[in-house]
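Reader: I have a model open on my screen. Let's go through some of its side chains, one question at a time.

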Amino acid sequence: MLKPHWLLMVSLFSFSSLAQVSFEEKKNRVEFLEELGAKAQSMNIEAYRRELNYEKNNLPLDERAERESSLLAEKISLQVQKAIEAAMEDKSFEVASEEVKAAIEKDLELVAPELRDELRAISLQTIENFNRGVNQPITDLTNLNEIMFKGVQERSSYLNVPGEDMGLVSSLERDSKPSDKNHPTEYATKAELVESLVSDLESSRWVSTSNLTIKTDEMSKTDSRVSLQIKVEFLGVAVEAGPTIAFRREYKTNATIMAEGLAPALLPDGNFDFVKKDKLGKAIKENGKFKRRFFSFACDASLDFSSDYTGSGGFSMAGMGGGTSVTKTISQSVSLTSRRIEVPEYIDGKSATLKYLSQICHNDFLKAKATNTLTIADSLNVMMKNVISGLRFSHPKTKCAVDTHCYKWFNNEVIALARIKNFPRCVEERREKFRACELRGLQGQNCAVFDAQGKRLSDGMFEFTCDVGLKCVKYQQEGWFRNWEIYQYAKGRCMPISPKNYKSPI
């Protein structure tokens, strides 16, 4: 049973109550995410598709959490099994399992703390089942169910909270129709103009001659921080089990007005000069009427976001692996631009000044509906969330994830003499817990000899740590010879711990 108390993480879509939303609208919300996914390849919306199916079947939230737990457990188990099978192509089960366990522990360091014990238990149980020849799913997922409940509740809220509560409905009525198919020079209301900016109609024509552009001052608004979970690589596959990282958000808006010709576009009172002029600055008449100068207008909105993280890890877009760049901070931006329309002369019976159009972009555009369910601000936030979903978390000093990442280093950077009787391994540094490529001695390789107090007895020349399945065996005694004239260092070589079971990695 799930615990009755839940502290929901600060999230893009976390809400206090649910209300009735039609299934068709829920479907539209998921389809909107899919539309964004076509442009943002890093987007991951599989969980929302599953959530829609849960809604269709009216499953309780706790049952949804159980299904999500089972899916994650199956994914982890499958990767562990594949890793064991791959390692056993040239190793015994004992050696292969130890190698995979080491890789699991390394990947678990990047997993969210609340998920580490659960994923470790699933992984180790899978290895045990593999050894016993048993193929059965992991059934004890009680704690994982409680953890997965948070994500289920978040996605359910996204599908079920009405647009009014989500801030998704602008001041325009949902059934209002844009009236500017012929690009009018007057709008009855400001809401009508905003609806025109976000409509699906074609933009106004582009200026095909000399022109000037006016860009208003950028308006910035720093919003509250949002905490989102980052994916990590687990045995080569991305899973949503990374740490929850806080991101700072800042909205920026501006208005862009483009005018035909190079004559000044603004009058002293802030109104636009709609009369077309010749090179001498005289008004041009056509059929006895002043010829209208063409003006176009559009709003731009962007959302800048940056990570607020001070730990020892870092981020990358490609996951872990040799040569992958990792950065301590992530700073990116997503933006949207409205439809381009002709600058009207009047809005709600008042002159359309530069200041008035700027206020529309700064105050009203973010609230306008990008779709029937999401505002421009919501769209920016969804894009931000799904750009972040493409991030991977790792330690900045990590150079490898598995031994195969070290083969190129071994062949290209290690001198030929050092490659003799050695094998490249991806090894974890004990203190900082990052992984890097190191040489490990094969059978017969020189190794360091120490006494019981940890004092080195060998000379340290071309000595290496023994590889998995081997131990350092002393074959030459240290001490003084010829009446204390010559000191002989101890010598050791790497030998199999279990000769019958040992198999060289080469």
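Reader: How many aromatic pairs does the structure hold?

Author: First, a caution: this is a predicted model. Ring centres must lie within 6.5 Å to count as a pair. By that rule, the number of aromatic pairs in the structure is eight.

Reader: Take Tyr407 and Phe423. Is their pair stacked, tilted or edge-to-face?

Author: The ring centres of Tyr407 and Phe423 are 6.1 Å apart. Their planes stand at 70 degrees. Angles over 60 degrees count as one class, so the pair is edge-to-face.

Reader: Which parts does that pair tie together?

Author: Tyr407 belongs to a helix, residues 407–413, and Phe423 to a strand, residues 422–428. The two parts are 16 residues apart in sequence. The pair therefore ties together helix α11 and strand β16.

Reader: Which counts as buried, Tyr407 or Phe423?

Author: Buried means under 20% relative accessible area. Tyr407 has 35%, so Tyr407 counts as partly exposed. At 10%, the one that counts as buried is Phe423.

Reader: Now Trp480 and Trp484. What kind of aromatic pair do they form?

Author: Their centres are 6.1 Å apart, with 35 degrees between the planes. Stacked needs under 30 degrees and edge-to-face needs over 60. An angle of 35 degrees meets neither cut-off, so the pair is tilted.

Reader: Is Trp484 buried or exposed?

Author: Its partner Trp480, at 45% relative accessibility, counts as partly exposed. Trp484 has a relative accessible area of 66%. The cut-off is over 50%, so Trp484 is exposed.

Reader: Which residues form one aromatic cluster with Trp480 and Trp484?

Author: Trp480 and Trp484 are paired with each other. The cluster also takes in two tyrosines. They are Tyr487 and Tyr489.

Reader: Over which ring does the charged end of Arg493 sit?

Author: Arg205 offers one such case: its charged end sits over the ring of Phe294, 3.9 Å from the centre. For Arg493, the distance to the ring centre is 3.8 Å. That ring belongs to Tyr475.

Reader: How much accessible area does the nonpolar patch with Leu417 have?

Author: Leu417 is in helix α12, residues 416–419. Its patch on the surface also includes Ile415, Ile420, Met461 and Phe462. Together they have about 530 Å².

Reader: How far apart in space are Asn254 and Ile360, C-alpha to C-alpha?

Author: Asn254 lies in strand β6. It counts as buried, at 9% relative accessibility, and touches residues including Cys361 and His362. Asn254 and Ile360 are 106 residues apart in sequence, yet in space the C-alpha distance is 9.4 Å.

Technical notes: Residues numbered from 1 in each chain as written. Predicted model: local features only at pLDDT ≥ 70, side-chain atom pairs only at ≥ 80, totals over all residues. Heavy atoms only, no water. Phe/Tyr/Trp six-rings, centres within 6.5 Å; stacked < 30°, edge-to-face > 60°. Helix = DSSP H or I, 4+ residues; strand = E, 2+ residues; numbered from the N terminus. Buried < 20%, exposed > 50% of the residue type's maximum accessible area, 1.4 Å probe, protein only. Lys NZ or Arg CZ within 6 Å of the ring centre and 35° of its normal. Patch = residues over 30% accessible without salt bridge, like charges linked within 9 Å, V, L, I, M, F, W, Y side chains within 5 Å. Areas by Shrake-Rupley, 256 points an atom, 1.4 Å probe, with all protein chains shown as cover. Salt bridge = Lys/Arg side-chain N within 4 Å of Asp/Glu carboxyl O. Contact = heavy atoms within 4.5 Å. Lists of a residue's contacts leave out its neighbours within four places in sequence.
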